[in-house]
Amino acid sequence: MGRCKTLALTLALSALVLAGASLAAVPTGALAQSYPTRPIHLVTGNPPGGATDVIARTLAQPLSVRLGQNIIVDNRPGANGNISADVVANAAPDGHTILYANNSLLVINPHIYRKSSVNPLRDLVPVGTTITNQLVLAVNPKVVPVDDFKGFVELARRPNANLFYASIGNGSQHHLAMELLKQRAKITDLTHVPYKGGGPASISVIAGENAAMFGGTSVVNHINSHKLKGLAVTDRKGWPAMPNLPGIGEFYPGYSIALWHGIFAPRGTPKEIIDKLRTELNAVLAMPEVKTRLTTSGAGEPYITTPEEFAALIKTDYESYGAIIKSIGLKVD
């Protein structure tokens, strides 16, 4: 990445921190009281059935009740979320078109999509975090007849293993999780096949077209129904959806891939509207029935942050994922 590009991203991150820190002190007013005046489009970069889509729909219903307007989940898959980000960044900044995205859009995409028409760090404003989660390594037991994570690594290391793995898209955490594992475990014959979301990717593994994938909600139900076999998780053992699976870091110290999701609005959206959206979103995340639905489905655990914490989280993850991407030499365009 050139010096000018790096400087631009650094300035964008600094602006993001300042913007996030200033939002907490803004009083609500007449604008917030009247908002929303029509249905809200909640745009997501994943197709129906994937983890991001499931969570967006889980939150949309109670959030629509609190806001007094319907919330329409608008699926715009492709380019690891860049298409959905472009839709929202170019929408009127009035709070009626907002984005539901996972952290890859903010902290991974700027490192690998250098020709993208949208810079999410510059063109989007963070509203609030929604969930935190990790991924599970799932395999088709007919294609990968192993008992545990160690067996998978041994199989994948064999000469001419000729295995394929699915992901929800180039540059996603699902993609990076496997590439980082390949690097740490010295696996060479495991080829990436990207899909536009967790639903299509998991179906390809069930069908035997691919041997394995990292996934969240999109694979948990299939593991529970024995269509797929779970082997390990990407962060710490004890993930509520798969509490008995080991963390990959137990085998390869320092290995960790964690996820979070959030809601974003177009740059220029009035602060009063951002405040109201965050307040109602946090109220939804605090509902016991919402927490139960999210955790039991494997979607994640509710994650509420202050504007300052959210801005700092984006900055920290941007730097750490940048280091991972550099270490594995990932390039998309």
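Guide: Contact means heavy atoms within 4.5 Å. This is a predicted model, in which local features need pLDDT of at least 70, side-chain atom pairs count only at pLDDT 80 or more, and totals for chains, interfaces and linings use all residues. Residues are numbered from 1 along each chain as its sequence is written, and side-chain values use heavy atoms, without hydrogens and water.

Visitor: Which residues in helix 11 are met by helix 10?
Guide: Helices (H or I, at least four residues) and strands (E, at least two) are DSSP runs numbered from the N terminus. From helix 10, the residues involved are Gly198, Gly199, Ser202 and Ile206. Their partners in helix 11 are Ser218, Val219 and His222.

Visitor: How many nonpolar residues does this contact have?
Guide: Nonpolar means Ala, Val, Leu, Ile, Met, Phe, Trp, Tyr, Cys or Pro, charged means Asp, Glu, Lys or Arg, and the others, Gly among them, are polar. Between helix 10 and helix 11 there are 5 polar and no charged residues, and the nonpolar ones number 2.

Visitor: Which strands stand at the edges of the sheet?
Guide: The open sheet has 6 strands in the order 2-1-3-10-4-11, with mixed pairing; strands pair if DSSP finds at least two bridges between them. An edge strand has a single partner strand, so one side of it is left without a neighbour in the sheet. Those at the edges are strand 2 (71–75) and strand 11 (301–302).

Visitor: Which residue in strand 10 stands opposite Ile131?
Guide: Strand 4 (residues 124–134) pairs with strand 10 (residues 258–266) in the antiparallel sense, over 9 bridges. Opposite Ile131, strand 10 places His261.
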